[in-house]
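Trainee: Before I use the labels on this model, I want to know what stands behind them. Can we take them one at a time?

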Amino acid sequence: MIHKITMKALAIVFQIMVVYWLLLVQQIGVLAVCMLGTFWGQTGQCAEQKVYRIMAVGDSITEGGGDISCYRYPLWEKLFSAGYLVEFVGSRESQSRIGPLPHEGFSGKNAEYVAKMLEKDFRSHPADIVLIHCGHNHSSSEKPVPGIIKATETIIRSVRNINPHVVVLLAQFIPSGKLPKYGYIPELNIELSKLAARLNTHEQPVIAVNMAKGFDWRTDTIGDHVHPNLKGAEKIAEHWFEALTNVMASPPHSFHPKIVTYKTAGDAHLTLHIFGPVNGSAGKLNPAIIFFFGGGWTLGTPIQFYPECAHFAAEGFVAISADYRIASVNHTTPFESVEDGKSAIRWVRQHASELGVDPSRIVAAGASAGGQVAAATGIVPELDQPGEDSSISSKSDALLLWYAVVDNGPTGCGYERVKDRYREISPLENISSNVPPTLFFLGTKDRYIPVATALEFQKRIRMSGGRCDLKLFEGAGHPLYEYRKGDETLRDETLRDADKFLIGLGFMPD
């Protein structure tokens with residue numbers, strides 16, 4: 001009897017140990033995936049990453065516009081490239097390369113005015129972090145420093161009352177050559193440093209950020225000797241970036257592409273952001289994938305596809321995100337965008353040997369208008385462009401299209417930009433028997449690309465003897481996911497489908 005009880009007890013203990021061991025193995029596996037994802041820069045994350053809400057407070061230096069270069073876009077660019085997810089918030093907006101970026105910048109207004117406005121605006125647009133660069137629009141003759149310090153303290157206490165955990169980064173001002181009007185700035189910077197030290201606590205940080213370091217108004221401002229030029233805005237962004245990285249949690253990954261120029265068109269120096277294959281070996285030729293960002297041929301940035309590039313680099317691709325000419329930066333039309341897309345494919349094929357690329361396995365990919373550019377590389381006939389070797393093909397070997405514009409006709413997208421010349425670059429109008437294998441992702445609630453258009457595109461390719469796989473996402477819109485907010489679910493699903501598609505083509509191992 002005792003023997004039977006002992007054996008039964010041992011069996012139960014053994015079962016418990018097996019379950020424990022399986023759970024332990026599972027946890028180790030998850031940890032390993034997390035570690036590899038961080039090392040490779042994979043898009044899948046093991047825990048939801050925090051999106052920091054940032055409010056930029058100030059005057060025209062914060063607002064930007066006209067000839068004034070603003071630091072907010074280059075700051076966002078630095079943060080996203082470093083792996084951080086941020087959202088600028090505020091009651092006001094001004095345009096950037098990626099569209100409107102909210103803020104609390106009031107051109108022509110002083111700190112006292114901003115202090116009156118901010119409590120209401122911050123309550124409507126709460127933030128985790130507040131950047132304050134506010135103290136211009138006074139004159140030395142007014143002896144304004146005490147008033148500016150009082151107003152700045154009011155701003156800080158207002159945001160603390162609404163969000164007790166807010167972090168405040170307080171700028172010490174960039175120097176100005178507009179004298180004697182702004183002769184008070186050196187004194188103001190001393191007092192701002194004292195204010196930060198007085199209000200700073202572990203629970204409610206207030207940290208002074210020295211914007212004057214390395215800033216020279218002779219080279220870093222526009223003609224008024226006050227407002228930053230592009231170089232100056234970049235320096236301001238770098239100071240904010242360094243301070244922000246000290247108060248935000250470390251991101252799970254960061255991106256470090258090699259950036260090379262592939263084309264010069266007028267004053268535009270167009271670049272490719274290249275992610276080398278992980279664990280690539282010398283002498284091995286790898287497939288390449290080239291992404292083209294979305295934005296209606298007007299807005300956008302190659303940074304959009306950094307996460308996707310990291311994914312494909314981990315799969316053994318030379319993964320590239322391409323810059324191309326857009327209206328907001330280069331004052332161009334979709335025709336120039338398509339020209340640049342073809343130039344990018346041609347450049348990669350021309351430099352295939354030094355890049356370690358198999359010139360017969362070059363994939364073009366893109367989203368929205370960038371999807372149109374990608375599709376054009378595989379569908380629109382070759383274009384002879386000055387300074388390029390037309391004997392080298394600009395045709396891609398496969399297409400991955402995220403909610404792509406494939407119809408530029410009167411009932412499609414972009415017709416107002418191309419008019420009666422739409423047939424020259426519209427993918428739908430140029431389908432032939434040599435369209436490369438295509439995978440098309442589209443949401444059923446896309447407000448720009450009707451499902452019927454995608455089905456017609458697929459039908460014409462198939463009727464011409466080609467392959468077009470269409471993956472519809474029920475209820476999804478345009479875009480399928482918000483890359484700036486780190487949306488992962490549909491991104492991961494599209495990448496899994498893309499992997500299967502490319503494996504089937506022999507572009508990557510199973």
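Trainee: Which residues line the second largest cavity?

Mentor: In this predicted model, the lining consists of Gln 304, Phe 305, Glu 308, Ala 367, Trp 402, Tyr 403, Tyr 481 and Tyr 483. The space inside is about 40 Å³.

Trainee: What makes each of them a lining residue?

Mentor: A lining residue has an atom within 4 Å of a point of the space, and Gln 304 and Tyr 483 are among the residues listed for this cavity.

Trainee: Why is this space called a cavity?

Mentor: A 1.4 Å probe fits in a cavity but cannot get out, whereas a pocket is an open set of points, so the label says that this space is closed to the probe. The search of the whole structure counts cavities of 30 Å³ or more and finds two; the second largest, at about 40 Å³, is one of them.

Trainee: How do the lining residues of that cavity divide by class?

Mentor: Six are nonpolar, one is polar and one is charged. Tyr counts as nonpolar and Glu as charged, so Tyr 403, Tyr 481 and Tyr 483 go with the nonpolar group and Glu 308 is the charged residue.

Trainee: Now the open spaces. What is the volume of the largest pocket?

Mentor: The largest pocket has about 1,200 Å³. Its lining has 37 residues, with Tyr 73, Pro 74, Arg 97, Leu 230 and Val 329 closest to the centre. Two or more lining residues come from each of α3 (72-81), α8 (230-244), β9 (268-275) and α10 (327-330). The most come from α3, which gives six. By class, 15 are nonpolar, 14 polar and eight charged.

Trainee: And which residues lie nearest the centre of the second largest pocket?

Mentor: They are Ile 98, Gly 295, Pro 479, Glu 482 and Arg 484, out of a lining of 33 residues. This pocket holds about 790 Å³. Both β2 (85-89) and β4 (101-105) supply at least two lining residues, and the largest share, three residues, is from β2. The lining divides into 18 nonpolar, nine polar and six charged residues.

Trainee: How do you know that β4 is mostly covered?

Mentor: Buried means under 20% relative accessible area, and five of the five residues of β4 meet that cut-off, so the strand is called mostly covered. On one side the buried residues are Leu 101, His 103 and Gly 105, and on the other Pro 102 and Glu 104. In a regular strand the side chains alternate between the two faces of the sheet.

Trainee: What makes β4 a partner of β1 and of β3?

Mentor: Pairing needs at least two bridges. β1 (residues 51-58) has two bridges to β4, so this parallel pair meets the cut-off; Val 57 is bridged to Glu 104 there. β3 (residues 92-94) has three bridges to β4, so this antiparallel pair qualifies as well, with Glu 93 opposite Pro 102. β3 and β4 form a hairpin with six residues between them, and Gly 99 in the turn has a positive phi of about 100 degrees.

Trainee: Why is the crossover from β6 to β7 called right-handed?

Mentor: The strands, β6 (residues 167-172) and β7 (residues 206-210), run parallel and share five bridges, among them Leu 169 with Ile 207. The chain passes from β6 through α6 (residues 185-199) to β7. With the strands pointing away from the viewer, a clockwise path over the helix is right-handed, so the label says that this path runs clockwise.

Technical notes:
Residues are numbered from 1 along each chain as its sequence is written. This is a predicted model: local features need pLDDT of at least 70, side-chain atom pairs count only at pLDDT 80 or more; totals for chains, interfaces and linings use all residues. Side-chain values use heavy atoms; hydrogens and water are left out. On a 1 Å grid over the protein atoms alone, a cavity is a set of points where a 1.4 Å probe fits but cannot get out, and a pocket is an open set with protein on both sides within 12 Å along at least five of seven lines; lining residues have an atom within 4 Å of a point. Grid points are joined across faces, edges and corners, and a volume is the space filled by probe spheres set on the points. Helices (H or I, at least four residues) and strands (E, at least two) are DSSP runs, numbered from the N terminus. Buried means under 20% relative accessible area, exposed over 50%, partly exposed in between (1.4 Å probe, protein chains only).
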